[in-house]
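Here is a short report on one protein chain. It starts with a single residue and its backbone, then widens to the whole chain.

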Amino acid sequence: AALDREAPLPLYAQLRDALLREIREGGLQPGDRFPTESVIQDRYRVSRATVRQALADLEAWTHAIPIA
């Protein structure tokens with residue numbers, strides 16, 4: 001799950017879109033726990049700030065329940 005560091009779209013937006021794709025494609029089912037910030041950070045090789053910004057965006061877009 002690589003992000004394009006050369007793309008004009010910021011990493012947090014690419015990450016948000018990747019997570020949304022994962023949800024839409026059935027990678028996460030209703031009731032599943034969302035991956036932790038650390039797991040997302042390791043999986044996509046981004047900073048915790050990038051993960052937090054992507055999750056905040058995703059939450060605003062989808063009205064998702066915040067993760068602990």
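## R45: an exposed residue

R45 is exposed, at a relative accessible area of 68%. The cut-off for that label is over 50%. The model is predicted, and the area is a computed value.

Where does R45 sit? It lies in the loop between α2 (37-44) and α3 (48-62).

## R45: backbone

What is the sign of phi at R45? It is positive, at about 55°, although R45 is not a glycine. Most residues other than glycine have a negative phi. R45 follows α2, so the positive phi comes in the loop that leads from α2 to α3.

## The buried side of α2

Which residues of α2 are buried? They are E37, I40 and Y44. These residues lie on the same side of α2, because they cover an arc of only 65° around the axis. The arc is taken from the directions that run from the helix axis to the C-beta atoms.

R45, in the loop after α2, is exposed instead.

## The whole chain

The chain has 3 helices and 0 strands. From the N terminus on, the order is α-α-α.

Of the 68 residues in the chain, 29% are buried. The chain exposes about 4800 Å². Carbon and sulfur atoms supply 52% of that area.

How are the contacts spread along the sequence? Take those between residues at least 6 apart in sequence: 53% of them join residues at least 24 apart.

Methods: Residues are numbered from 1 along each chain as its sequence is written. This is a predicted model: local features need pLDDT of at least 70, side-chain atom pairs count only at pLDDT 80 or more; totals for chains, interfaces and linings use all residues. Side-chain values use heavy atoms; hydrogens and water are left out. Helices (H or I, at least four residues) and strands (E, at least two) are DSSP runs, numbered from the N terminus. Buried means under 20% relative accessible area, exposed over 50%, partly exposed in between (1.4 Å probe, protein chains only). Contact means heavy atoms within 4.5 Å. Accessible areas come from the Shrake-Rupley method with a 1.4 Å probe; for residues, only the protein chains shown count as cover.
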